[in-house]
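Here's a quick briefing to keep beside the structure while you click around. It goes through charged pairs, one annotated domain, a helix pair and a couple of backbone oddities.

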Amino acid sequence: MSVDTSLRFDKDYVTGFSSSRQEPAWLQELRLQALELAQELPMPKPDKTKIDKWNFTEFKHEATGTPVAFNELPEDVKALIGSEEEAKNVLVIHNGTPVYFALEESVKDQGVIYTDLLTAAKEHEELVKKYFMKAVAVDENRLPALHAALFVNGAFLYVPKNVELSAPIQAVYYQDDEAAIFNHVIVAAEDNSSVTYVENYLSTNESSESVANIVSEVYAGSGAKVVYGAVDNLAKGMTTYVNRRGRAEKDARIEWALGQFNDGNTVSDNTTHLIGDGSFTDTKTVTIGRGDQKQNFVAQIFNHGKHSEGYILTHGVMKDNASSIFNGITKIEHGATKSHGEQTERVLMLSEKARGDANPILLIDEDDVTAGHAASVGRIDPLQMFYLMSRGIPKAEAERLIIHGFLAPVVSQMPLESVKNRLVEVIERKVR
Amino acid sequence: MSAPNLKIEDLRVSIEDKEIIKGLDLEINGGEIHAIMGPNGTGKSTLSAALMGHPKYEVTSGKVTFNGEDLLDMEVDERAQAGLFLAMQYPSEVSGITNADFLRSAINAKREEGDEISLMKFIRELDKKMDHLEMDNAFAHRYLNEGFSGGEKKRNEILQMMMLEPKLAILDEIDSGLDIDALKVVAKGVNEMRSPDFGCLIITHYQRLLNYITPDKVHVMMQGRIVKSGGPELAQRLEAEGYDWIKEELGIKDETVGQEA
């Protein structure tokens, strides 16, 4: 696979792609450097999942969507964002093209910038330059490099100092073309600001081989609070690499609420750096694997600051032949005194052939800290099934109840009602 | 509704290749309350679990019909749908599902699609039955049996019975671990169900529950069989004199399964 990249997308292609979009010079330059790195760098090596046969490099790159009025949005998309009155702050990207956008005047007036990333790169060049590929480094491994070289679009959300937004900012990334998804999200919350961002990924491609290469970068300035909700629901045809990264400064807070329901093979990395003293992060994930899919989930927190706190809570259900690895990593760096890390991973396997593996890892380089972890992997309890069925509940329904029950402790704690409802809905569809 | 009938003929049940029930006959009709008594290890709980279709118990031979239909041929949920109910000695805890949601699923499982019980009606029924069992309404919204005390679990079993209105209920040691007040409440629930359309099999060590629920027939189980049957007076004699006189009468040295000499 290593030569494919250089074959398919070369310097000329990337230059042409960037020029056709009238991107600023620095961005084109960054893309070209990234392309070179993509050809040199190794693939990431997710612990316990072999991905060397997975296709991350062969795909159709571009597709287009057409801007539409709210009423013309696909029903699936409307279901996610609510009515036109409810969806006041929303960006819809269809096949890489921004097709619908709404932002309240009252939000704009406070200096908030919310737009698609390409527009932001032109209109807010310095800001984009400050944040783009800074939390996730271009040279981490081949996939972020490839992402930087070929990203198509995404969202840019900037919240100025002291601005507290109560209504959530929404995004839907919708793909009904066989082309790849190369989406990039930046959420930058300046000091003492507060924002909630909710995204939904949706694709319809069941059969042809395609790739999603997604990077999100979240920056929470001193005292800022970012709630980041995401529901991934990409169809079987997508092999996905998704990297969501956060950096929390002094007393900042980042809360992740992730529903990871892709149907294709997926490598997911959700890492938060607690840079500042007193910073806090909480990452909650639910997932269901089904069919033959293989997935690898990393939830990782680095405590750099003193008195920093990080929490990981993951519940996963594996059906059919699905297999997933859950790696929870809490790394407390030297000097991060009085910091705290805690993580829980639980996996429920529904069939003989389903596989789940939970690996809680605590790496502690500081004495004066507290940390704890819990993990469990188990099959559905035949006595619970017997109990439920003995009340007349058919087997499939009993399983459904047990799955909902298993995921409920995470779902019920999700910070947003809309994400919660969406999760219940997707779970319902997946367990039927 | 026709009066229920459960008929067990020469039933043999094994667990992990060890035979526990060794040829048992019993017939229960609507309107009747039977009690099976006997010391520990004589196969009483195995009988109830096997009738409900517990996955660990294997019926090796014999015949059980429920209202004329082959019970052993049915899946666990089908047995329940046919009107059989087992109040378990050790009910499972299921996290994340509230008692109320669970009960509603169970009630709706018996009804046709489109004919689900309305939420209002369900809540009304549930409140009424919980009051009857002197249960705090908060239990409706707690996860199924999770963190319930022994007595709370037992009340919850009876609550389920009352909500599901089975034709035939088996109560497996529903009295164990209950104080006298809880025992009375449970008995009240069972007595409330009494009718010609309802049959009941009570499995117990002790006579004390039978002070509050008068059985029509009492059976004594030893070595995986019913060794003696009688009326309510049999239970009273067992309470007063213990089981030794029966063992003596039948020449049994050790009443537990696998010890027949």
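Start with A:Glu75, which is exposed, with a relative accessible area of 56%. Keep in mind that this is a predicted model. A:Glu75 pairs up with A:Lys78 in a salt bridge, 3.4 Å from N to O, and salt bridges are a good way into the rest of the picture: there are 34 over all chains.

**Salt bridges in chain A**

- Side chains of opposite charge can pair when their charged atoms come close.
- A:Lys78 and A:Glu75 sit three residues apart in helix 4 (residues 75-81) of chain A, so about one helical turn separates them.
- A:Lys78 is buried at a relative accessible area of 17%, because the cut-off for buried is under 20%; its partner A:Glu75 is exposed at 56%.
- Over in the strands, A:Asp232 and A:Arg244 form a salt bridge at 2.6 Å, N to O.
- A:Asp232 belongs to strand 9 (residues 225-233) and A:Arg244 to strand 10 (residues 238-248) of chain A, so this pair ties together parts that are 12 residues apart in sequence.
- Are the two partners buried or exposed? A:Asp232 is buried, with 3% relative accessibility, and A:Arg244 is buried too, with 2%.
- A:Lys331 and A:Glu333 make another salt bridge, at 3.1 Å from N to O.
- Here A:Lys331 comes out buried at 16% relative accessible area, and A:Glu333 is buried at 19%.
- Elsewhere in the chain, A:Arg21, A:Glu23 and A:Arg31 are joined into one network by salt bridges that share partners.

**The annotated domain**

- An unreviewed UniProt entry puts the feature "domain: SUF system FeS cluster assembly SufBD core" at residues 175-406 of chain A.
- How much of that stretch is helix, and how much is strand? Residues 175-406 of chain A are 9% helix and 59% strand.
- The end C-alpha atoms of the stretch are 31 Å apart.

**Helices 4 and 5 of chain B**

- Two packed helices are described by the angle between their axes and the distance between the axes.
- In chain B, helix 4 packs against helix 5 (residues 150-164) at an angle of about 135°, with the axes 10 Å apart.
- The two helices are therefore oblique to each other, and helix 4 of chain B passes helix 5 of chain B in a right-handed crossing.
- Which residues do the touching? From helix 4 of chain B come B:Phe122, B:Glu125, B:Leu126, B:Lys129, B:Met130 and B:His132, and they meet B:Leu159, B:Met162 and B:Met163 of helix 5 of chain B.
- B:Arg124 also lies in helix 4 (residues 119-132) of chain B, and it counts as exposed at 54% relative accessibility.
- From B:Arg124 to B:Leu6 you go 118 residues in sequence and 32 Å in space, C-alpha to C-alpha.

**Positive phi in chain A**

- Most residues other than glycine have a negative phi, and most peptide bonds are trans.
- A:Lys48 goes the other way, with a positive phi near 75°.
- You'll find A:Lys48 in the loop between helix 3 (25-40) and helix 4 of chain A, where it is exposed at 52% relative accessible area.
- A:Lys338 has a positive phi as well, about 60°, and is not a glycine either.
- Its place is the loop between strand 16 (323-332) and strand 17 (340-349) of chain A.
- A:Lys338 is partly exposed, with a relative accessible area of 48%.

Definitions and conventions:
Residues are numbered from 1 along each chain as its sequence is written. Chains are lettered from A and ligands numbered from 1 in the order in which they are written. This is a predicted model: local features need pLDDT of at least 70, side-chain atom pairs count only at pLDDT 80 or more; totals for chains, interfaces and linings use all residues. Side-chain values use heavy atoms; hydrogens and water are left out. A salt bridge is a side-chain nitrogen of Lys or Arg within 4 Å of a carboxyl oxygen of Asp or Glu. Helices (H or I, at least four residues) and strands (E, at least two) are DSSP runs, numbered from the N terminus. Buried means under 20% relative accessible area, exposed over 50%, partly exposed in between (1.4 Å probe, protein chains only). UniProt positions are given in the numbering used here, feature names are shortened, and annotations may be inferred rather than shown by experiment. Axes are lines fitted to C-alpha atoms, for helices over the stretch in contact, and angles run from 0 to 180 degrees between N-to-C directions. Angles under 35 degrees count as roughly parallel, over 145 as roughly antiparallel, 65 to 115 as roughly perpendicular and the rest as oblique. A crossing is left-handed if the near helix is turned anticlockwise from the far one by less than a right angle, and right-handed if clockwise. Contact means heavy atoms within 4.5 Å.
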